[in-house]
Amino acid sequence: LEFRRVQVQRKVEVFLQHYTAGQNLVKINAKGRRYPRKVYCDTTKRALVIQGANGPKFFPFVHMREVDMETRQTVKGIETLVVIALEKNKKVYRELQLAFPDQHKANTFVSCMTLFSMALRPHEHKHHAKEGGAAAVKALENG
């Protein structure tokens with residue numbers, strides 16, 4: 001059990017090293033237009049930050065209801081997407097779509113975002129948080 005905890009902790013640390021500096025990803029808007037964006041984690045504000053043309057936009061981890069990954073076939077090959085559903089007052093108000101260069105990086109991103117959002121969720125969701133958090137930890141252990 002201690003080995004698994006250390007293993008997950010190391011993966012989260014590596015993830016934060018990469019995403020504190022920022023990663024270049026492609027954001028896809030609701031109409032399907034693609035925009036290159038620098039994406040990073042702000043640990044002091046506890047948020048995912050997308051650096052856009054009009055400055056940074058902050059998406060708090062606590063508002064992340066679901067973080068899912070899907071793959072789809074495109075003209076250029078297989079593309080891996082991460083979809084983040086953002087929630088306020090128990091209603092999804094926005095979905096972020098980010099395209100990743102490979103499935104492994106997307107999988108690690110999904111696991112870490114799920115872990116962060118579950119850890120910061122209010123007490124009313126603790127039962128679901130344990131289930132989602134456990135799945136994220138297991139994915140990090142195996143990934």
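Hi everyone, let's start with R34. This arginine is partly exposed, with a relative accessible area of 41%. Before I go on, please keep in mind that this is a predicted model.

So what does R34 pair with? R34 forms a salt bridge with E79, and the closest N and O atoms of the two are 2.5 Å apart. The pair links distant parts of the chain. On one side is R34 in strand β2, residues 34-42, and on the other is E79 in strand β6, residues 77-88, with their positions 45 residues apart in the numbering.

Now look at E79 itself. Is E79 buried or exposed? With a relative accessibility of 11%, E79 counts as buried, because the cut-off for that is under 20%. Its partner R34, as I said, is partly exposed at 41%.

E79 has another partner to show you. R72 forms a salt bridge with E79 too, with the closest N and O atoms 3.1 Å apart. R72 is partly exposed, at a relative accessible area of 35%. Through these shared partners, salt bridges join R34, R72 and E79 into one network.

Let me turn to another pair. Which residue does E87 bridge to? That would be R65, and here the closest N and O atoms are 3.4 Å apart. E87 lies in strand β6 and R65 in strand β5, so this salt bridge ties together parts that are 22 residues apart in sequence. As for the surroundings, E87 counts as buried at 15% relative accessibility, while R65 counts as partly exposed at 26%.

How many salt bridges does that make by this rule? The count comes to three.

Last stop, the acidic residues on the surface. E66, D68, E70 and E95 form a negative surface patch. Where does the largest share of the patch come from? Strand β5, residues 64-74, supplies it, with three residues. One of the patch members, E66, has its place in strand β5. E66 is partly exposed, with a relative accessible area of 45%. Patch residues need over 30% relative accessible area and no salt bridge, so E66 at 45% clears the area cut-off.

If you have the structure open, you could follow what I've described in this order: the network of R34, R72 and E79, then the E87 and R65 pair, and then the negative patch with E66, D68, E70 and E95. Thanks for listening, and I'm happy to take questions.

Note on methods: Residues numbered from 1 in each chain as written. Predicted model: local features only at pLDDT ≥ 70, side-chain atom pairs only at ≥ 80, totals over all residues. Heavy atoms only, no water. Patch = residues over 30% accessible without salt bridge, like charges linked within 9 Å, V, L, I, M, F, W, Y side chains within 5 Å. Areas by Shrake-Rupley, 256 points an atom, 1.4 Å probe, with all protein chains shown as cover. Salt bridge = Lys/Arg side-chain N within 4 Å of Asp/Glu carboxyl O. Lys, Arg positive; Asp, Glu negative; His and termini not counted. Charge placed at Lys NZ, Arg CZ, Asp CG, Glu CD. Helix = DSSP H or I, 4+ residues; strand = E, 2+ residues; numbered from the N terminus. Buried < 20%, exposed > 50% of the residue type's maximum accessible area, 1.4 Å probe, protein only.
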